[in-house]
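Student: I have a model open and a list of terms I want to test. Can we go through them one by one?

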Amino acid sequence: MNNKRDEIILGIETSCDETAVAVVKNGREILSNTVSSQIESHKRFGGVVPEVASRHHVEQITYIIETAMDEAGITFADIDAIAVTEGPGLVGALLIGVNAAKAIAFAHDIPLVGVHHIAGHIYANRLVKELEFPLLSLVVSGGHTELIYMKEHGSYEIIGETRDDAVGEAYDKVARTIGLPYPGGPHIDRLAGVGDATIDLPRAWLEPDSYDFSFSGLKSAVINTLHNAKQRNIMIKSEDLAASFQESVIEVLVAKTVRAAKEYNVNQVVVAGGVAANKGLRKALEESFSELNVELVIPPLSLCTDNAAMIAAAGSIEYQKGRRSDLALNGNPGLDLEQFS
């Protein structure tokens with residue numbers, strides 16, 4: 001007879017503009033995953049305003065915690081640990097989640113576990129499929145573009161990263177140039193689906209053996225292409241420009257991921273971050289890895305963008321490893337993933 005008690009982790013995520021709380025059982029089963037988005041508030045500014053984000057978190061955090069716990073059917077007495085995003089992110093936003101987590105931990109004598117935001121995105125995949133090591137993670141989001149090698153749970157080696165703009169940032173800047181609303185990524189993806197990649201745009205391969213990325217030159221090329229066309233009174237279809245831009249981005253992301261997967265001889269490739277929701281990227285990765293003896297895992301759209309289930313999933317691993325945070329835990333906007341591990 002197995003009397004082993006289920007592990008219940010309460011996850012809290014407030015690194016940017018989503019107030020999110022989730023309850024996860026045994027590191028893999030989502031009991032609740034509640035997200036309050038602020039997109040409508042930030043849309044008129046064309047991007048996230050840190051002070052506005054922080055104020056929304058203050059307004060929402062208590063209600064979202066109560067909602068997530070009610071939906072999961074748990075009380076504070078059921079919780080084994082509280083996992084909270086420690087960083088990176090907007091410092092004011094991080095502090096709301098961290099202080100809410102510390103208050104609950106102190107009031108109810110519950111262990112507290114700080115979690116790295118990118119580790120959370122990676123562990124969103126464990127909510128779909130058990131991780132098989134060694135593995136490679138392609139992290140693509142508004143603030144990050146990285147290739148991360150993992151030999152075991154909680155071990156992170158960054159083998160490639162962006163030297164300038166993150167891929168999601170490039171999407172938003174190009175969308176703004178074309179005249180699309182914030183957030184730009186989904187709009188570019190939608191337009192690219194109906195456009196033709198007829199415009200020649202650069203691919204930044206960098207050094208032959210490099211796994212790093214660069215998107216600022218591509219972004220500038222899009223701006224220059226539009227500017228030159230306007231000067232010549234030439235009409236460029238937005239959907240064709242979107243398709244050309246997206247093809248350039250995806251070709252580099254997929255090629256470097258495939259090469260790294262082969263070189264590091266991994267069993268699995270997992271995709272993480274908000275840009276993992278991009279239909280063009282998902283399709284290109286699926287086509288490329290269908291020919292390789294490497295399992296590809298891409299989370300559903302609800303687990304690609306910021307959420308707290310991923311923080312709880314990553315927190316479960318840290319909790320099992322015996323890692324604990326004390327009440328001096330603070331928001332750390334520059335938290336390093338490799339040092340964190």
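Tutor: We will take the sheet, the pocket, and then some unusual backbone spots. This is a predicted model, where local features need pLDDT of at least 70, side-chain atom pairs count only at pLDDT 80 or more, and totals for chains, interfaces and linings use all residues. Residues are numbered from 1 along each chain as its sequence is written, and side-chain values use heavy atoms, with hydrogens and water left out.

Student: What makes S1 and S4 paired strands?

Tutor: Strands are DSSP runs of E, at least two residues long, and helices are runs of H or I, at least four, both numbered from the N terminus. Two strands pair if DSSP finds at least two bridges between them. S1 (residues 8-13) and S4 (residues 81-87) have 4 bridges and run parallel, so they pass that test. Ile-12 stands opposite Val-84 in S4.

Student: Why do S3 and S5 count as edges of the sheet?

Tutor: The order is S3-S2-S1-S4-S5, in an open sheet with mixed pairing. S3 (29-37) and S5 (112-116) each have a single partner strand, so one side of each lacks a neighbour in the sheet.

Student: What makes a space a pocket and not a cavity?

Tutor: Both are sought on a 1 Å grid over the protein atoms alone. In a cavity, a 1.4 Å probe fits but cannot get out; a pocket is an open set with protein on both sides within 12 Å along at least five of seven lines. The largest pocket here has a volume of about 1200 Å³, meaning the space filled by probe spheres set on the points, which are joined across faces, edges and corners.

Student: How do you know which residues line the largest pocket?

Tutor: A lining residue has an atom within 4 Å of a point. There are 41 of them, and Ser-141, Gly-142, Asp-172, Tyr-182 and Gly-274 are the closest to the centre. H5 gives the most, with 6 residues.

Student: Why is Asp-109 called exposed?

Tutor: Exposed means over 50% relative accessible area, buried under 20%, and partly exposed in between (1.4 Å probe, protein chains only). Asp-109 has 70%, so it is exposed. Asn-265, at 61%, also counts as exposed.

Student: What makes the phi of Asp-109 stand out?

Tutor: Most residues other than glycine have a negative phi. Phi of Asp-109 is near 55 degrees, a positive value. Asp-109 sits in the loop between H3 and S5.

Student: Where are the cis peptide bonds?

Tutor: One joins Gly-87 and Pro-88, with omega about -10 degrees. Another joins Tyr-182 and Pro-183, with omega about -5 degrees.
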